[in-house]
Each structure stands twice: as structure tokens, then as C-alpha cells.
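Notebook open, coffee poured. I'm going through this one from the loops outward and jotting down whatever I look up.

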Amino acid sequence: VTLTGGGQHAVTQATSGGSARFDGLGGDSYEVLAMTEGLVAPNQSVLLAQELTTLDLELRAAARVLGTVIDEAGEPVPNADVGASGRSGDFHSGVAADGALVILGPLGEGPLSIDVNGGDFRPWHKDIEVHPGDNPIEVVLKKGVKISGRVLDPEGSPVMQAQVDGRDRDDDPNPSVAYTDGEGRFELAFDEPGVKHLNASRSAVGRTVTTANAPAEVEIRLEPRARLKVHVHEGGKPVV
């Protein structure tokens, strides 16, 4: 049984006689998860409204996700990161080392979001419904094309932690997003070559909207944000 919340690290206990007791808790709201190797009870939220709160969890057959990650040529993608997050906030992750099968679980049945990242490949995301037992998935990653470069402030110095997003169209709801490193560098990946709409910004520095033809290496200089100064007076005298 694992208990998380209350501003504390997760605490895990093995049951004794079918129960586990957690004493000295400092918060009011917690998430509770129970599992064995083959059984799982989905996360439940509990409010500690009394001195001793009792919660019953029913274990059911667990689900597992069996993932293989390949490229468009059917070859295994080495060291791809595979993550799965459930509706109740639980998260499992693994690495498909050298293209091997990655096993995530035990998981509760129900909706699950799968995210896969692999080196130079485009990130992959899919929402699936998992059922008790093994749920095999095959992920095909696309190589894509890249726009990389640097973001500079109006004086020409690198900007760290600037957000850069790129879209195929201005109204594209799913942009490719990156944040600059200490040298102002970033890298965006796209499915297809062509003209991309770029938006670079850092709240305290400025913002620039531009375009680039992927693949490309670009330098983006942020334009300072506009400023407004307002004078308030009454009868010609400043009002404090």
C-alpha cells in the first residue's frame, strides 16, 4: 500500500493480515494505491476527517502494457523512453533498451496516456484503454526534420529558459515546443519539411514571431516588449 500527499514523500507499507496503518500524518488529503505483482486497486483519494480514517481497497486483476518501439523502416529504436500515466495520477515508465520490449505495470484498467521519446525522433503520444492482462502496443517513431538555433536578447546576449514553439500553421493546436539552455540554444522537431511559424519569448526580456524553412539553423533576437507609463492627476496636481 502506497500513500502520497500531504506535502510528504510517498510512503509504502506491506499489509499484515490484509491491512496497513499509517500513523503521524501531517496533511488532510492523500492518494492511496494498493497492488501485488498481479493485482491492483486504482488510486483513491481520502480526506482525513477523523482521528482514525478507514479505507477499503478491492484488488482486481492488473493490467500491463507491453511496448515495442520501431522506426519507419521497421528497425528497433534503441533506448526509447516510454511513459504511461493513468486517470488517477499514477505514472509508470521504462526504457526500451536496444529495441527490447518494455513492460509497464502493474496498472489499473481504464484510460491510459502513453508518451514515447527517442533521441532524434518525433515525440509520440496516444490515449488508450487498458484491460486486465497484457496490452501489447507497437509504436512507430518518425525521424522528422529539425529547426535549431539560438535565442538572443535585444543586446545580442543568449537568453536562457526562453520558450520557442513552432507550428505548421498559425492555428495549429499542437506546436513543437522547446526551452533554451544556458547558451540560448534550442531544437524543434517536425514531421515534414517546409515553412514553420516560430514564436520565441521570455517574459522579462521580449518576444519575436518569425518563420523558418525546416530543416534550418536560425538565430532569433527578441524584440523588447512595449511599455506604458500613465500619469494620473487632478486639477494639474499628481494624485498619489
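In which loop does glutamine 161 lie? I looked it up: glutamine 161 sits in the loop between β13 (145–152) and β14 (163–167). Before I go on, a reminder to myself that this is a predicted model.

**Entry: backbone oddities**

I went to glutamine 161 for its phi, which is positive at about 60 degrees although the residue is not a glycine. I also checked its exposure: glutamine 161 counts as partly exposed, at 46% relative accessibility.

Asparagine 79 went on the list too. Its phi is near 55 degrees, again a positive value in a residue other than glycine. I found asparagine 79 in the loop between β6 and β7. Its relative accessible area is 46%, so I wrote it down as partly exposed.

Then I turned to cis peptides. Glycine 105 and proline 106 are joined by a cis peptide bond, with omega at about 5 degrees. Proline 106 belongs to strand β9. A cis bond also links alanine 214 to proline 215, and there omega is about 0 degrees. I placed proline 215 in the loop between β18 (206–214) and β19 (216–221).

**Entry: the whole chain**

How many helices and strands does the chain have? My tally sheet reads zero helices and 21 strands. I then took the radius of gyration, which is 25 Å; the globule rule gives 18 Å for 240 residues, so the chain is more spread out than a compact globule. Along the principal axes, the C-alpha trace spans about 75 × 65 × 30 Å.

I noted that buried residues account for 35% of the 240 in the chain. For contacts between residues at least 6 apart in sequence, I got 44% joining residues at least 24 apart. The exposed area comes to about 14,900 Å², with carbon and sulfur atoms supplying 48% of it.

Charges next. The chain carries 21 positive and 36 negative charges, and I have their mean positions 9 Å apart.

**Entry: nonpolar cores**

Which residues have the most contacts inside the largest nonpolar core? That core has 21 residues, and the names I copied down are Val69, Leu112, Ile114, Val116 and Leu141. I listed the elements that give two or more residues to this core: β6 (63–71), β7 (80–86), β9 (102–107), β10 (110–117), β11 (124–130) and β12 (133–141).

I followed valine 69 further. Skipping its neighbours within four places in sequence, valine 69 is in contact with Glu75, Pro76, Val77, Ala80, Val82, Ala96, Val116, Val139 and Leu141. Apart from this core lies another, of 17 residues, including Ile147, Phe190, Ala214 and Val218. Ala214 I had already met, as the residue that shares a cis peptide bond with proline 215. For background, I scribbled in the margin that nonpolar side chains tend to be buried together in soluble globular proteins.

**Entry: three spot checks**

Is alanine 41 buried or exposed? Its relative accessibility is 2%, and buried means under 20%, so alanine 41 counts as buried. I found alanine 41 in strand β4 (residues 39–47). Not counting residues up to four places away in sequence, alanine 41 touches Leu33, Ala34, Leu57, Glu58 and Leu59. I also took a distance: alanine 41 and serine 19 are 22 residues apart in sequence and 14 Å apart in space, C-alpha to C-alpha.

Valine 95 was my next stop, in strand β8 (residues 91–96). Its relative accessible area is 44%, so I logged valine 95 as partly exposed. Setting aside residues up to four places away in sequence, I have valine 95 touching Asn79, Ala80, Asp81 and Val102. That brings back asparagine 79, the one with phi near 55 degrees. Between the C-alpha atoms of valine 95 and serine 85, 10 residues apart along the chain, I got 15 Å.

I finished with histidine 9, which is in strand β2 (residues 8–12). Histidine 9 has a relative accessible area of 73%, so I put it down as exposed. Histidine 9 and arginine 185 are 176 residues apart along the chain, and 34 Å separates their C-alpha atoms.

Definitions and conventions:
Residues numbered from 1 in each chain as written. Predicted model: local features only at pLDDT ≥ 70, side-chain atom pairs only at ≥ 80, totals over all residues. Heavy atoms only, no water. Helix = DSSP H or I, 4+ residues; strand = E, 2+ residues; numbered from the N terminus. Rg over C-alpha atoms; globule rule 2.2 N^0.38 Å. Buried < 20%, exposed > 50% of the residue type's maximum accessible area, 1.4 Å probe, protein only. Contact = heavy atoms within 4.5 Å. Areas by Shrake-Rupley, 256 points an atom, 1.4 Å probe, with all protein chains shown as cover. Lys, Arg positive; Asp, Glu negative; His and termini not counted. Charge placed at Lys NZ, Arg CZ, Asp CG, Glu CD. Core = buried A, V, L, I, M, F, W, Y, C linked by side-chain atoms within 4.5 Å.
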